[in-house]
Amino acid sequence: MSDVRARPRAIGTPMDRVDGAQKVTGTATYAYEWPLDRPVYLHPLQSTIAAGRVTGVDTSAAEAEPGVLAVLTHLNAPSLTRPDDPELAVLQSDEVAWRGQFIGAVVAESLETARYAAGLVRFEYAQRPHDVALRSDRDDLYSPVHAAAFGQGGGELQDGSPADSVLGDADTAMALATVTLDATYSTPMYHNNPMEPHTAVVTWADGELTVRCSTQGVTWSRDLIAGVLGLEPRRVRVISPHVGGAFGSKVYPQSYAVLAAMAARTVKRPVKFTLTRQQMFALVGYRPASIQRIRLGADGKGRLTAIAHDVVEQTAKAKGYAEQVAVSTRVMYAAPHRRTTHRLAPLDVPVPTIMRAPGEAQGMFALESAVDEMALACGLDPVEFRIRNEPEVHPESGLPFSSRHLVDCLREGARRAGWERRDPTPRAPHDGRWLIGTGVAASTYPSPRFPGNTATIRMGPDGHCTVLIAAADMGTGTWTALTQIAADALGVPVERVELRIGDTALPPASVAGFSSGITSWGSSVSETAARLRALLESDFGGTVPPDGLEVTADMPGNPDAEHYAMHSFGAQFAEVRVDEDTGEIRVVRLLGMFDVGQVINPKTARSQLIGGMTQGISMALHEHSVLDQRFGHVVNQDFAQYHIAANADVHAIEAHWLDETDPHTNVMGSKGLGEVCIVGTAAAVANAVHHATGVRVRDLPITLDKLVA
Ligand code: MOS
């Protein structure tokens, strides 16, 4: 075997996607496409009230329909072992906790029959008044245990940050400050809308369950599903080699897989179930709405003396869920006096879930808008204001950053964006009726490494290497990036690496979420490769034995995480044009400069960064789930009415990164990049809209009615 140093590294090269040919030829198998012997089809029944109980069920007409195999309701559904989780305990009681909740399912020989028969089932309800109004003055607000309490049993994925943080005395410092700001920002509900809907294709054989589903983590899904069904995890296999987008919504919500498994057990046939777009708006979570008050105080030189960020977020009455909305505020700027709080407003709504940068996306819209307002109030350029308030260490924990190059992102981004040519006066630049504005915002997102990752590597005598780990690829490029990491760690060309992911028959892995995937899986793959090479040298003198070699290893969480704060950073620069008469807004240019450590694959990384920035434009201007207060459901529950940024909304987008390596996150030196790219975009757009029009919109999305006085 040759030395890895003698070989050009795979890491850092723009390798084409190893799954690219499969995808463009339609041979990459997505969950719904698995060929099955005599499958049947499920159509769910959903509650038409937002709160109350089911008091009567009439399934007779549906059951009489030819081709119908079963109609499940809470009266006849199999018992589950986790009745304590109202989201996963499907059909376990007569309670209705939100409009659109599962209250039954029809299973039939064809999808059309299932859907038709579903319309024949009659429910009666005892309705109680529902309340879906988010207000910061509700008297039932409560504190979550942690700032981020995403979890639902079976292991919590959360960072453990406290709901509140206090340093010094922000109120007194604010009273003494030379310049102050006190402003309230709000963000609506947003729905995750991956192209591939949530899908479960379920087969039972000999008491063993196989679930082909669209998930961000097969190990996690298996443990969740097995726990709810009361099965040993080894009796459940989850397969998910390709995922058509997720953005967070394919981590926690798994109730559709549970429902499909119950149905398959009942009818003793394979069951196929994919949600419709409309069903997704009630059943697979969403980013909850927020109301955020920010107060800032600064001295005469534009240095922050006090920062306070108080958050009220929507949650479900059925089950608490919290996002770390103000946690970025603990990370971003130096100030001796500071306070952050999180409070939850329990409503009769579906359970929220994580959506690209859950918490940070909405929190940094508020903070980075407020910082723009404060810079103006201090008479300082917003880039300069941020640089002036850059902390030396984590402002609250006091830990050093493993790497933090935010100032370089601001400077280099400003240079590329042509920021020095900017006239800071709002409403100054014009092009006919178009008002032109530019805005900047900073970004950050944690870069965690999760434990629970095991990799197995087999090396054959011909040098062919098979790398096995139950990682996930939701379209972001895992197949390719992990192949590159394995090749370098093994010291072989990428052509000799065959990767297998997305199957619980492989060694366990953590989820593709929280911008942790490549760090977590890549660390275990690298460690396993290093051990294999050491074994090859020590026991075999560098020659692979005729039977080949196999090594399995795992990696714990990152011990350096106790000593360093680990975050990705970025700076986003937006240029907008606003029609002076109609308020029409166009983001004509968006430039992101990121600090994400070593980039594994520039091609897939750029794609992911641009995707996040696009989703940020969408968050700023277009997306908005409209909750009907009278009925308690989202009314714009399809692509005709829930507008997501399309090609016509997206003009020039550039994503760049610094040539940096992080010495502590992992052996590759990479940091997470899937989420830092959405953070800050909405504020950059809002700040540019203010520069163009002089109107400060503090309530997302920024629609033209908010600009036309
Ligand atoms: Mo992301 S919201 O952690 O999948």
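## Buried elements and strand pairing in a predicted model

In helix 6 the buried residues are Ser255, Tyr256, Ala257, Val258, Leu259, Ala260, Ala261, Met262, Ala263, Ala264 and Val267. The model is a predicted one, and the values below are computed from it. Because 11 of the 13 residues of helix 6 are buried, this helix is largely enclosed by the rest of the structure. Its length can be checked in a simple way: at 1.5 Å a residue, the 13 residues from 255 to 267 should span 18 Å, and the end C-alpha atoms are indeed 18 Å apart, so expectation and model agree. Directly after helix 6 comes Lys268, which has a positive phi near 55 degrees.

The length check can also be applied to helix 13, which covers residues 517-540. Its 24 residues should span 34 Å at 1.5 Å a residue, and the separation of the end C-alpha atoms is 33 Å, which agrees. Just after helix 13, Gly541 adopts a positive phi of about 60 degrees.

### The open sheet and helix 9

An open sheet is formed by five strands in the order 7-15-14-13-8, with mixed pairing. Its edges are strand 7 (165-167) and strand 8, each of which pairs on one side only. From one strand to the next, the twist averages 10 degrees. Within this sheet, strand 14 (residues 304-316) and strand 15 (residues 337-347) are parallel and share 11 bridges, and Ala308 stands opposite Arg339 in strand 15. Helix 9 (residues 360-377) lies across strand 8, strand 13 (290-298) and strand 14, and runs at about 150 degrees to strand 8.

Arg295 belongs to strand 13 and, at a relative accessibility of 12%, counts as buried because the cut-off for that class is under 20%. Its side chain makes a polar contact, at 3.0 Å, with the side chain of Asp171. Setting aside neighbours within four places in sequence, Arg295 is in contact with Asp171, Met174, Leu181, Asp182, Ala306, Ile307, Ala308 and Arg339. Two of these contacts, Ala308 and Arg339, are residues that stand opposite each other in the pairing of strand 14 with strand 15.

### Other strand pairings

The table collects pairings that involve strands 1, 9, 12, 16, 17 and 22, each with one pair of facing residues.

| Strands | Sense | Bridges | Facing residues |
|---|---|---|---|
| Strand 1 (residues 40-46) and strand 12 (residues 271-274) | parallel | two | Val40 and Val271 |
| Strand 9 and strand 12 | antiparallel | four | Val202 and Val271 |
| Strand 16 (residues 430-431) and strand 17 | antiparallel | two | His430 and Leu435 |
| Strand 17 and strand 22 (residues 567-579) | antiparallel | 13 | Thr438 and Glu575 |

Val271 of strand 12 therefore faces both Val40 and Val202, being named as the residue opposite each of them. Strand 17 spans residues 434-446, and since 11 of its 13 residues are buried, this strand is largely enclosed by the rest of the structure. The hairpin of strand 16 and strand 17 has two residues between the strands, and there Gly432 takes a positive phi near 65 degrees.

### Asn192 in its loop

Where does Asn192 lie with respect to strand 8 and strand 9? Asn192 is found in the loop that joins strand 8 (179-187) to strand 9 (199-205). Although a loop residue, Asn192 is buried, with a relative accessible area of 2%. When residues up to four places away in sequence are not counted, Asn192 touches Ala246, Phe247, Gly248, Ser249, Met280, Thr353, Ile354 and Met355. One of these, Met280, is 88 residues away from Asn192 in sequence, while the C-alpha atoms of the two residues are 8.6 Å apart in space. The side chain of Asn192 also reaches the backbone oxygen of Ile354 at 3.0 Å.

### Cysteines

The structure holds zero disulfides. Why does Cys409 form no such bond? The closest cysteine sulfur to that of Cys409 is in Cys677, and the distance of 13 Å is too far for a bond, given that a disulfide requires sulfur atoms within 2.5 Å. Cys409 counts as buried, at 0% relative accessibility, and Cys465 is likewise buried, with a relative accessible area of 0%.

Terms used: Residues numbered from 1 in each chain as written. Predicted model: local features only at pLDDT ≥ 70, side-chain atom pairs only at ≥ 80, totals over all residues. Heavy atoms only, no water. Buried < 20%, exposed > 50% of the residue type's maximum accessible area, 1.4 Å probe, protein only. Contact = heavy atoms within 4.5 Å. Polar contact = N/O pair within 3.5 Å; in protein donor to acceptor, adjacent residues only side chain to side chain. Expected span 1.5 Å × (residues − 1). Pairing = 2+ DSSP bridges. Axes fitted to C-alpha atoms, helices over the stretch in contact; angles between N-to-C directions.
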